[in-house]
Amino acid sequence: MKLSDKQVKQFETEGWLFLPEAFSPDEVAALRHDAEGIYAADRPEIWREKNGAPRTAFAAHTYNEGFAILGRHPRLIEPVEQLFGEKLYMHQYKINAKAKFDGDVWQWHQDYGTWLRDDGMPEPRAMNIAVFLDEVFTYNGPLMLIPKSQHHGNLPAGHDLGTTSYPLWTLDNGTVEKLCADGGIAVPVGKPGGVLMFHGNLVHGSSANITPYSRKIVYLTLNCISNHIRKPTRAEWIAHQDFTPIEACADDALLQYAHRHRQQAAE
Ligand code: SIN
Ligand code: MN
């Protein structure tokens, strides 16, 4: 899948791009089902909120066939290769739950802040590309983005170890206020299958989900091969150290997986 010149321009100016319904309901239904099974498992890669609800499941592409296919899908790999002009490897892979009633906040932050400080990533030449597994509404803890904030580079941040169960390099209120005065806040919402990509220095966060609607989103963090991490401090399943270039799979591979999934469920 190739981005148009207009889309590339929007990414460069605003720092994000949303592709509604890039995957069909059939393609994502099997993944949504698999994600629930993954959250129910007892594995170190599954992190929980302080209240016990699932928060994020790391590295599901290493042990689940559907998520492995998604991690090599051309509709995700090709646009990021196009923007960076280089082959990519998987730096991080996570399925964020934002569970109904219990999903907690993600404070305002830049992803590259963590990749730089915790993983020793040389440049912000990595990108989060997200796939909505559930419908994302304005009220179930959607991702909030501050457009154009990526132009400020890597901003000073504090290491917040207490607000949630997840340590994060977060920005102070004054910085967020200034950035919002310029860029405002964008909230991409839409059906399962929507794809959102955003620059590593784009400031973003999300509030708690007190609604009865779960908001599962898969995030692939695709890093340029030449920009591989130099000083890893986190577990291998959080910040991967396999820098093998990703070869995209066939465009219909996820649909084939969904069909096999449905057949097995009917047997
Ligand atoms: C993140 O910023 O890494 C996750 C935010 C979210 O899933 O709401
Ligand atoms: Mn983030």
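**Exercise 1. Classify Tyr166 as buried or exposed, then find its ring partner.**

*Solution.* Step 1. In this predicted model, Tyr166 has a relative accessible area of 6%. Buried means under 20%, so Tyr166 is buried.

Step 2. Trp106 has 9% relative accessibility and also counts as buried.

Step 3. Take the geometry of the two rings. The centres of Trp106 and Tyr166 lie 4.8 Å apart, with the planes at 55°. Planes under 30 degrees apart would be stacked, and over 60 edge-to-face. The pair is therefore tilted.

Step 4. Place the pair in the chain. Trp106 belongs to strand β5 (residues 106-109), while Tyr166 is in the loop between β8 (158-160) and β9 (168-170). The two are 60 residues apart, so the pair links distant parts of the chain.

Step 5. Widen the view. Trp106 and Tyr166 form one aromatic cluster with Trp47, Phe58 and Trp237.

**Exercise 2. Describe the pair formed by Phe137 and Tyr213.**

*Solution.* Step 1. The rings of Phe137 and Tyr213 are 5.6 Å apart, centre to centre, with 55° between the planes. This pair is tilted.

Step 2. Phe137 sits in the loop between β6 (126-132) and β7 (144-145). Tyr213 sits in the loop between β11 (204-206) and β12 (217-224). The pair therefore ties together parts 76 residues apart in sequence.

Step 3. Check exposure. Phe137 is partly exposed at 21%, and Tyr213 is partly exposed at 41%.

**Exercise 3. Identify the donors of the manganese ion (ligand 2) and follow the chain into helix α5.**

*Solution.* Step 1. His109 (NE2), Asp111 (OD) and His204 (NE2) coordinate the ion at 2.1 to 2.2 Å. Their spacing in sequence is H-x1-D-x92-H.

Step 2. His109 is buried, with a relative accessible area of 4%. Asp111 is buried too, at 9%.

Step 3. Asp111 is one of the buried residues of α5. This helix spans residues 111-119, and seven of its nine residues are buried. Gly120 follows α5, with a positive phi near 65°.

**Exercise 4. Find the charged ends that sit over the rings of Trp169 and Tyr219.**

*Solution.* Step 1. Over Trp169 sits the charged end of Arg117, 4.9 Å from the ring centre.

Step 2. Over Tyr219 sits the charged end of Lys94, 5.1 Å from the ring centre.

**Exercise 5. Characterise the largest pocket.**

*Solution.* Step 1. The largest pocket holds about 270 Å³ of space.

Step 2. It is lined by 13 residues, and those closest to its centre are His61, Met90, Asp242, Thr244 and Ile246.

Step 3. Sort the lining by character: five nonpolar, five polar and three charged residues.

Technical notes
Residues numbered from 1 in each chain as written. Chains lettered and ligands numbered in written order. Predicted model: local features only at pLDDT ≥ 70, side-chain atom pairs only at ≥ 80, totals over all residues. Heavy atoms only, no water. Buried < 20%, exposed > 50% of the residue type's maximum accessible area, 1.4 Å probe, protein only. Helix = DSSP H or I, 4+ residues; strand = E, 2+ residues; numbered from the N terminus. 1 Å grid on protein atoms, 1.4 Å probe; cavity = no way out; pocket = protein on both sides within 12 Å on 5 of 7 lines; lining within 4 Å. Points joined across faces, edges and corners; volume = space filled by probe spheres on them. Nonpolar A, V, L, I, M, F, W, Y, C, P; charged D, E, K, R; others polar. Donors = N, O, S within 2.8 Å, 3.2 Å for Na, K, Ca; no water. Phe/Tyr/Trp six-rings, centres within 6.5 Å; stacked < 30°, edge-to-face > 60°. Lys NZ or Arg CZ within 6 Å of the ring centre and 35° of its normal.
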